[in-house]
Amino acid sequence: MVICLCFTKKVLSDLSKLDLYKEMLSKSVEFAKKFYQVILYTDSETLPDLETIQVEKRLVDSSDFYFIDDFKVHLLDKVLCENSTLIDVDLFLFKPLNFQEGFDLYADYKEKSTEEWYTQYIDILLENGVKEILPDYGSKTYFPPNIGIIKFTNLEYKRKYIDTYSLLKNWIVSKSLNLDRGASMVLGQYTLALINADNKYRIYYCRNQNTNNNFLHLSGPIKFEKDALKKYLPTSTYKLI
């Protein structure tokens, strides 16, 4: 397995946090390299900022990227081989990932679409007529996979995801909706649940207690706590944060 990460500073809404992201990225690479070949995808604009991170780097044209998950979807569609697994820059592996066979998608953990960080964007899309293109959007409670880890083994599911993501992103652009980059979760995660409403595809959640996985994902605002890396990394074993 090859572990892949992606990062461009152009998706940061606050460039003052660039140093924090560089520190997390460096640590994420450091932990992953203990177990895997690691590749970091970035762009020419960001590359000079990452020169101290010792890892294989590959450049990608990010001119069309705006939302946080645009980079991931581009890699899934155009770049990555089937042996690749994408992880977030704020995810730290303490042992090799354990993927049980027989699943269509491997992700971090299951979220719920009724959480405020989903509904604030879902409501905006519904008010602007998203059901024109996705009739089931917002029709019930969904359970989006958190894609701090993402690996597809089912090519049909992967293709549907990429196409649905692109359809929704293009619709948002066509409506000139002034959404911040945090809206990416209703593109990158909510759509995975939307197109799997009938549970046709099996999803493996790496964070479940019985998976024998051991990692830390500083998802959400916890990464912005003062000295978060010093606080959580030295003694961390697998935990839900």
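Two strands count as paired if DSSP finds at least two bridges between them. In this predicted model, strand 1 (residues 2-6) meets that condition with strand 2 (residues 37-42), to which 5 bridges join it. The two strands run parallel, and L5 of strand 1 stands opposite L40 in strand 2. Between them the chain passes through helix 1 (residues 18-32), and the resulting β-α-β crossover is right-handed.

Strand 1 also has a partner in strand 4 (residues 84-87). This pairing is parallel as well, and rests on 3 bridges. Here I3 stands opposite T85 of strand 4.

How many residues of strand 1 are buried? The count is 5 of 5, so the strand is mostly covered, buried being under 20% relative accessible area. The cover lies over both faces: V2, C4 and C6 point to one side, I3 and L5 to the other, and all are buried.

The nonpolar interior can be followed next. The largest nonpolar core holds 47 residues. Within this core, L125, Y137 and Y161 touch the most other members. Helix 4 (residues 155-174) gives the most to the core, contributing 7 residues.

Which residues does L125 touch, leaving aside those up to four places away in sequence? Its contacts are V130, Y137, L168, W171, I172, L177, L179 and V186. Y137, one of these contacts, is itself among the three residues that touch the most other core members.

A second core, separate from the one around L125, has 38 residues. Its members include V29, V55, I87 and I149. Of these, I87 falls within strand 4 (residues 84-87), the strand that pairs with strand 1.

Methods:
Residues numbered from 1 in each chain as written. Predicted model: local features only at pLDDT ≥ 70, side-chain atom pairs only at ≥ 80, totals over all residues. Heavy atoms only, no water. Core = buried A, V, L, I, M, F, W, Y, C linked by side-chain atoms within 4.5 Å. Buried < 20%, exposed > 50% of the residue type's maximum accessible area, 1.4 Å probe, protein only. Helix = DSSP H or I, 4+ residues; strand = E, 2+ residues; numbered from the N terminus. Contact = heavy atoms within 4.5 Å. Right-handed = clockwise from strand over helix to strand, strands pointing away.
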